Amino acid sequence: MAGGNERIMKALKEVWRRAENSLCADCGKPGPDWASSTLGVFICLSCSGIHRNIPSISKVKSLKMDHWDDAQVQFLAKHGNAVTKAIYEAHIPIYYYQPTYNDCQVLREQWIRAKYERKEFTEPGKQLPYSDGVKEGILWKRGRDNGQFLPRKFLLSEREGCLKYFTKQDAKEPKINVKIDVINATFQPVKIGNPNGLQITYLKDNKTRNIFVYHESGKEVVDWFNAIRSVQFHYLKVAFPIASDTEIKNRLTRNFLKEGYMEKTGPKQREAFKKRWFTLDHRRLMYFKDPLDAFAKGEVFVGSRENGYSVQKGLPSGTQGNFSWHYGITIVTPDREYLFTCEMETDQLDWIEAFTSVINQAMTPQEYAIEAYFKFKS
């Protein structure tokens, strides 16, 4: 018996060591040490928990701690991540957001359920709930002034190229009507305080406006997210006919580069530093009194190094403003310096890394236009 177990474990390790099985089949995390004995995929601990919630589809076992029999190992050897992905990911729409291990639970869970439970990507041309160019339904929206979440009707239309929401079900005119090409959407469960929390942002008079929504159903809110990406994709295909699908995909919804609290001082650099919530959305550094504010109190444009922008660790010597946090950051622009402080050194280093990644990128023609607007406004 012992010899049989050793033979099975040796065969299991050989399959496990294949290059195709070195990343989680669902989120791409390196070093998966769990597997589904019914699907034949190698997955990480976090994704195994989601698989465990759909036992009619997937039976998961630890590759290190659980017993595997000969038939199960042979099944894994026959399948593995490459073969199984070729079946369940055969026809993913290019606009569909495929989450990674850095993404929130609801995105990863609905991705796994879409693949294996609903089999949304196994057939070409399948009608999907986010692919027909229009979506209408109720989302719980946070009030801009009172902070209460109330049900609101939302309408997304590819034909009109916009997203609308109505304060009442029978309202004839929408409260907002936003062009689809200025919209971003990103999941924010921690900030919103709901596992299905979604932040929708759009530009209004070149200022960023935030809307915070959620839905009780994880599937429904992820369908809204991918419906927005679908409408954006088809809108941009028309607007930029010579652009490749990959180029257009890269212009769809994006996660913020960095968010968190810092302290800031004013332009004279003698004012007391005030704690603010900061969001770095590529070249827009926005700051808010509260993370759930609808509008930023101010924005800073972060340009490229070749145009005179840089980030420095620490504050200029002789800085006079009073501050309670001692890990400083200085953003140098052609016009002035912006001073910030962080509570922890790790926060300081993370912010510097995020700023550096933006500053090291060359600016696009559109970004030159945004920079000109910021200079005019100031």
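Are tyrosine 96 and tyrosine 130 buried or exposed? Let me begin with that question, and keep in mind throughout that what we have in front of us is a predicted model. The answer is that both tyrosine 96 and tyrosine 130 are buried.

These two residues also bring us to the aromatic rings, of which the structure holds 20 pairs. A pair of aromatic rings is described by the distance of the centres and the angle of the planes. For tyrosine 96 and tyrosine 130, the distance is 5.4 Å centre to centre and the angle between the planes is 50°, and the pair is classed as tilted. This pair links distant parts of the chain, with tyrosine 96 in the loop between α4 and α5, tyrosine 130 in the loop between α5 and β4, and the two positions 34 residues apart. If you look around them, you will find that ring pairs join Tyr95, Tyr96, Trp111, Phe121, Tyr130 and Phe233 into a cluster. A further tilted pair is formed by phenylalanine 278 and tyrosine 287, with 5.7 Å from centre to centre and 40° between the planes, and here again both phenylalanine 278 and tyrosine 287 are buried.

Let me stay for a moment with the loop between α5 and β4, where we also find leucine 128. Leucine 128 counts as buried because its relative accessibility is 6%, and the limit for that word is under 20%. Leaving aside its neighbours within four places in sequence, leucine 128 is in contact with Pro93 and Glu120. Along the chain, leucine 128 and aspartate 223 are 95 residues apart, and yet their C-alpha atoms are separated by 9.1 Å. Lysine 119 is found in the loop between α5 and β4 as well, but with a relative accessible area of 40% lysine 119 is partly exposed. The backbone of lysine 119 deserves a look too, since its phi is near 50°, a positive value in a residue other than glycine.

Aspartate 223 is a useful reference for another residue, asparagine 206, which sits in the loop between β9 and β10. Asparagine 206 and aspartate 223 are 17 residues apart along the chain, while their C-alpha atoms are separated by 28 Å. When residues up to four places away in sequence are not counted, asparagine 206 touches Arg284 and Tyr373.

Now I would like to turn to the spaces in the model. Rolling a probe the size of a water molecule over the atoms shows where empty space is left. The largest pocket has a volume of about 1100 Å³, and 33 residues line that pocket, with Arg251, Arg254, His282, Glu367 and Ile370 lying nearest its centre. Two or more lining residues come from each of β8, β9, α7 and α10, and the largest share, four residues, is given by α7. Sorted by class, the lining of the largest pocket consists of 14 nonpolar, 12 polar and seven charged residues.

Histidine 282, one of the residues nearest the centre of that pocket, is placed in the loop between β12 and β13. Histidine 282 counts as partly exposed, at 25% relative accessibility, and has a positive phi of about 55° although it is not a glycine.

How many cavities of 30 Å³ or more are there? The count comes to three, and the largest cavity has a volume of about 50 Å³. Its lining is made by Lys141, Arg142, Gly143, Arg144, Arg209, Asn210, Ile211, Phe212, Leu292 and Ala294, and the elements that give two or more of these residues are β4 and β10. The largest share, four residues, comes from β10, and by class the lining of the largest cavity divides into four nonpolar, two polar and four charged residues.

I will finish with threonine 341, which is found in strand β17, covering residues 337–342. Threonine 341 is buried, because its relative accessible area is 0% and buried means under 20%. The side chain of threonine 341 makes a polar contact of 2.8 Å with the side chain of glutamate 263. Not counting residues up to four places away in sequence, the residues that threonine 341 touches are Met262, Glu263, Phe273, Leu315, Phe323, Trp325, Tyr327 and Gly328, and that is a good set to find on the screen as you follow along.

Conventions: Residues numbered from 1 in each chain as written. Predicted model: local features only at pLDDT ≥ 70, side-chain atom pairs only at ≥ 80, totals over all residues. Heavy atoms only, no water. Buried < 20%, exposed > 50% of the residue type's maximum accessible area, 1.4 Å probe, protein only. Polar contact = N/O pair within 3.5 Å; in protein donor to acceptor, adjacent residues only side chain to side chain. Contact = heavy atoms within 4.5 Å. 1 Å grid on protein atoms, 1.4 Å probe; cavity = no way out; pocket = protein on both sides within 12 Å on 5 of 7 lines; lining within 4 Å. Points joined across faces, edges and corners; volume = space filled by probe spheres on them. Nonpolar A, V, L, I, M, F, W, Y, C, P; charged D, E, K, R; others polar. Phe/Tyr/Trp six-rings, centres within 6.5 Å; stacked < 30°, edge-to-face > 60°.
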